[in-house]
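Biologist: I'm new to this one, so could you walk me through it? I'll just ask as I go.

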Amino acid sequence: MAQPLCLEEVARHSGVSPFHFCKIFKRFTGLTFTEYVNRARVEKAKQLLIKPQSRVTEVAYDVGFQSLSQFNRSFRRVMDQSPTEFRSSMTPAEKRHMLAGSF
């Protein structure tokens, strides 16, 4: 299971206040810290979802989401489809390619 990523802790490690960290982060990435973290979690979830034995609920918690509904909303926001739709839309070639890229 993924460790929770706390804005205050990340800001502290950066040596700035959470407000200042968010401002700088948004300026350089174009995303809020939360948007970035959710996108990273969705990318990891995509790798896990290509394995047919992985349950969507387990994937959601394994990548760090606190609830299945939060995971589904974030996944749809990033991918424009649900996790189940993503899984069923993958071709065998795409699955092989994604599996080859994950270690």
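Biologist: Let me start with a pair of charged residues: which residue forms a salt bridge with Glu58?

Modeller: Keep in mind that we're looking at a predicted model. In general, side chains of opposite charge can pair when their charged atoms come close. For Glu58, the closest N and O atoms in the pair are 3.5 Å apart, and that counts as a salt bridge because the cut-off is 4 Å. Glu58 is partly exposed at 37% relative accessibility, and its partner, exposed at 52%, is Arg55.

Biologist: How many salt bridges does the count come to?

Modeller: Besides the one between Glu58 and Arg55, Glu85 pairs with Arg76, with the closest N and O atoms 3.7 Å apart. Both of those residues are partly exposed, Glu85 at 37% and Arg76 at 41%. Lys46 also pairs with Glu43. The count comes to three.

Biologist: About that Lys46 and Glu43 pair: what separates them along helix 3?

Modeller: Lys46 sits in helix 3, which covers residues 33-49. The closest N and O atoms of the pair are 3.3 Å apart, and the two side chains also make a polar contact. Lys46 and Glu43 are three residues apart in the helix, so what separates them is about one helical turn.

Biologist: Is Lys46 buried or exposed?

Modeller: Start with its surroundings: leaving out residues up to four places away in sequence, Lys46 touches Phe75, Met79, Phe86 and Met98. Its salt-bridge partner Glu43 is partly exposed, at 40%. Lys46 has a relative accessible area of 12%, and because the cut-off is under 20%, Lys46 counts as buried.

Biologist: Now the bigger picture: how many helices and strands does the protein have?

Modeller: Reading from the N terminus, the elements run α-α-α-α-α-α-α. The C-alpha atoms fill a box of roughly 45 × 25 × 25 Å along the principal axes. So the tally, by DSSP runs, is seven helices and zero strands.

Biologist: How do helix 1 and helix 2 lie relative to each other, parallel or perpendicular?

Modeller: Helix 1 spans residues 7-14 and helix 2 spans residues 18-29, and their axes come within 9 Å. They cross at roughly 85°. That makes helix 1, relative to helix 2, roughly perpendicular.

Biologist: And which residues of helix 2 make that contact?

Modeller: By class, the contact has six nonpolar, one polar and one charged residues. On the helix 1 side you'll find Leu7, Glu8, Val10, Ala11 and Ser14. On the helix 2 side, the residues are Pro18, Phe21 and Cys22.

Biologist: One backbone question: what is phi of Asp80 near?

Modeller: Asp80 lies in the loop between helix 5 (68-79) and helix 6 (83-89), and Asp80 is exposed, with a relative accessible area of 67%. Most residues other than glycine have a negative phi. Asp80 has a positive value instead, near 60°.

Biologist: Last one: what share of the contacts with a separation of 6 or more comes from residues 24 or more positions apart?

Modeller: The protein has 103 residues, and buried ones make up 31% of them. Among contacts with a separation of 6 or more, the share from residues 24 or more positions apart is 45%.

Key:
Residues are numbered from 1 along each chain as its sequence is written. This is a predicted model: local features need pLDDT of at least 70, side-chain atom pairs count only at pLDDT 80 or more; totals for chains, interfaces and linings use all residues. Side-chain values use heavy atoms; hydrogens and water are left out. Axes are lines fitted to C-alpha atoms, for helices over the stretch in contact, and angles run from 0 to 180 degrees between N-to-C directions. Helices (H or I, at least four residues) and strands (E, at least two) are DSSP runs, numbered from the N terminus. Angles under 35 degrees count as roughly parallel, over 145 as roughly antiparallel, 65 to 115 as roughly perpendicular and the rest as oblique. Contact means heavy atoms within 4.5 Å. Ala, Val, Leu, Ile, Met, Phe, Trp, Tyr, Cys and Pro count as nonpolar, Asp, Glu, Lys and Arg as charged, and the others, Gly among them, as polar. Buried means under 20% relative accessible area, exposed over 50%, partly exposed in between (1.4 Å probe, protein chains only). A polar contact is a pair of N or O atoms within 3.5 Å; within protein, one must be able to donate a hydrogen and the other to accept it, and residues adjacent in sequence count only if both atoms are side-chain atoms. A salt bridge is a side-chain nitrogen of Lys or Arg within 4 Å of a carboxyl oxygen of Asp or Glu.
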